[in-house]
Amino acid sequence: MKKLMVGMALTATLATAVTPGFGSIGGNQGKAYAAAVTYKVTASKLNVRSGAGTTYGIIGSVAKSQTLSVMSKSGSWYKINYNGRTGYVSSDYVQASGTTTPPAESTTYTVTASTLNVRSGAGTNYASIGSVTKGQKLSVVSKSGSWYKINYSGRTGYVSSDYVQASGTTAPPAESTTYTVTASTLNVRSGAGTSYASIGSVTKGQKLSVVSKSGSWYKINYSGRTGYVSSDYVQASATTSPKLVVDSFKTLGNAQQVILVTADNHDTKSAKIQTFEKADGKWKQVLTANGVLGQKGFALSKKEGDMESPTGKYTIGTAFGRYANPGTKLPYRKITANDVWVDDSKSSLYNTWQQKPANGRWTSAENMDIPAYDYGFVINYNESRTPGKGSAIFFHVGTNYTAGCTATSKEQVVSILKWLNPEKNPVIIQSPVSELDKY
């Protein structure tokens, strides 16, 4: 790349002094701003790429003496604002001179969960607006509690920070803040200075999606583009983290871990699984995953063989699996070829784990040595073993539907097993969303 770009030149001034003027706020406002770094190279043309490396596609170029808005530095590449888009140029051909420190190294945020919901607000009580997948890089704006605010397909979204790995030299984004326009009209510019063109405007009382601050300018997400507004006409106020759904529950007692399984109604087999943990008197969300229920959804009144999952709040029983303990703190039992769960309502061993042969002790029982039970745990349902009320209610591996249990991917089952701690009195709550007020 050096051979191709010898002689290239580039200058970039992030902010310049301004003089008094009239018109919309954000134009010439009679205030001098501190000078930032000037970036200059000697080439006549410099490629702008879509990422920080020569393997990324070329999205355009900049010419000698052209001014740029430099956002940050990632290795030997500068991240810039290029015609309202994000671009990258090689820092090997950029000479930095000025009174301020060059932009900090960028932080990379990578999704670690197989699927991670993107929500409209910083909490699980907000609607899902989409999802991101494992290995995907995120455009993180800020952090609010245990949630990252991100730019998602030109919209603002939120994802749980528990399933995002941050790597880089800069600190994580600051706690989320609300930014409100105080001027009647405020120009939005293409760069952090009045020398940059106006690309639109915002009005008094409007909330802004602020990405970062450069001197006295806020970098914002403006209609899916990058824009800049003067911070002198924006009021910043810290926001409080929204309440989690478990914050309103009244029946948790001394439980410090909760698995919440919800569905849109009684008839759907699709479920959302969320886990929460309480520490220092405050609930924190740990995991969100997709799951499945019985083939006929949630039961109004559970009965043996009805293909419906029971609703209610239950304690967690023995963990099990066809393999060695994956690392759970729960009592763990490895399944053998002779293990069964008795579903014969007339047997004195109804709704218990037993071993073959039956020898007349039951007439029917469910085989435990099956792939669905690679890993799982017992949901302590019908502990009184009332005949016909239902048996063998587990949390196990599965992605289609169950005969009355709750299931999710093997990865998520193992993750939850490792997380569960009997000392924290974990419970599982299963309910349609409309009936959560019961808990």
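I take contact to mean heavy atoms within 4.5 Å. The model I am consulting is a predicted one.

**Entry 1: Lys334**

I looked up the surroundings of Lys334 with that cut-off. Leaving aside neighbours within four places in sequence, Lys334 is in contact with Gly321, Arg322, Tyr323, Ala324 and Asp339. I placed Lys334 in strand β28, which covers residues 332-334. I also checked Lys334 against Asp369: the two are 35 residues apart in sequence, and their C-alpha atoms are 9.7 Å apart in space.

**Entry 2: Salt bridges**

I recorded eight salt bridges in the structure. Side chains of opposite charge can pair when their charged atoms come close.

I examined Lys302 and Asp306, which form a salt bridge with the closest N and O atoms 2.7 Å apart. Is Lys302 buried or exposed? Lys302 counts as buried because its relative accessibility is 12%, under the 20% cut-off. Asp306, at 15% relative accessibility, is buried as well.

I then turned to Arg333 and Asp339, whose side chains meet in a salt bridge at 3.6 Å, N to O. Arg333 is partly exposed, with a relative accessible area of 32%, whereas Asp339 is buried, with a relative accessible area of 1%. I noted that Asp339 also appears among the contacts of Lys334.

My next pair was Lys410 and Asp374, a salt bridge of 3.0 Å, N to O. Which parts of the chain does this pair link? Lys410 is in helix α1 (residues 410-419), and Asp374 is in the loop between β31 (365-367) and β32 (375-379); the pair links distant parts of the chain, 36 residues apart. I read Lys410 as partly exposed at 36% relative accessibility and Asp374 as buried at 6%.

I followed these two residues further and found them in a network of salt bridges that links Arg322, Asp369, Asp374 and Lys410. Arg322 is also one of the contacts of Lys334.

**Entry 3: Aromatic pairs**

I recorded 12 aromatic pairs. Among them is the pair of Tyr109 and Tyr148, which is edge-to-face, at 5.2 Å centre to centre and 70° between the planes. Tyr109 lies in strand β8 (residues 107-111) and Tyr148 in strand β13 (residues 147-152), so this pair ties together parts that are 39 residues apart in sequence. I found Tyr109 buried at a relative accessible area of 5%, and Tyr148 buried at 4% relative accessibility.

I next took the rings of Trp341 and Phe394. Their centres are 5.0 Å apart and their planes stand at 80°, so the pair is edge-to-face. Trp341 belongs to strand β29 (residues 339-342) and Phe394 to strand β33 (residues 394-397), so the pair ties together parts that are 53 residues apart in sequence. Both Trp341 and Phe394 are buried.

I asked which residues the ring pairs link into a cluster with Trp341. The cluster holds Phe320, Trp341, Trp353, Tyr373 and Phe394.

I returned to Arg333 at this point. The charged end of Arg333 sits over the ring of Trp353, 4.0 Å from the ring centre. Arg333 also takes part in the salt bridge with Asp339.

**Entry 4: Ser160**

I closed with Ser160, which I placed in strand β14 (residues 155-160). Ser160 counts as buried, with 5% relative accessibility. Which residues does Ser160 touch, not counting residues up to four places away in sequence? I noted Leu116, Ser146 and Trp147.

Conventions: Residues are numbered from 1 along each chain as its sequence is written. Side-chain values use heavy atoms; hydrogens and water are left out. A salt bridge is a side-chain nitrogen of Lys or Arg within 4 Å of a carboxyl oxygen of Asp or Glu. Buried means under 20% relative accessible area, exposed over 50%, partly exposed in between (1.4 Å probe, protein chains only). Helices (H or I, at least four residues) and strands (E, at least two) are DSSP runs, numbered from the N terminus. Rings of Phe, Tyr and Trp (its six-membered ring) pair if their centres lie within 6.5 Å; planes under 30 degrees apart count as stacked, over 60 as edge-to-face and the rest as tilted. A charge sits over a ring if NZ of Lys or CZ of Arg is within 6 Å of the ring centre and within 35 degrees of the ring normal.
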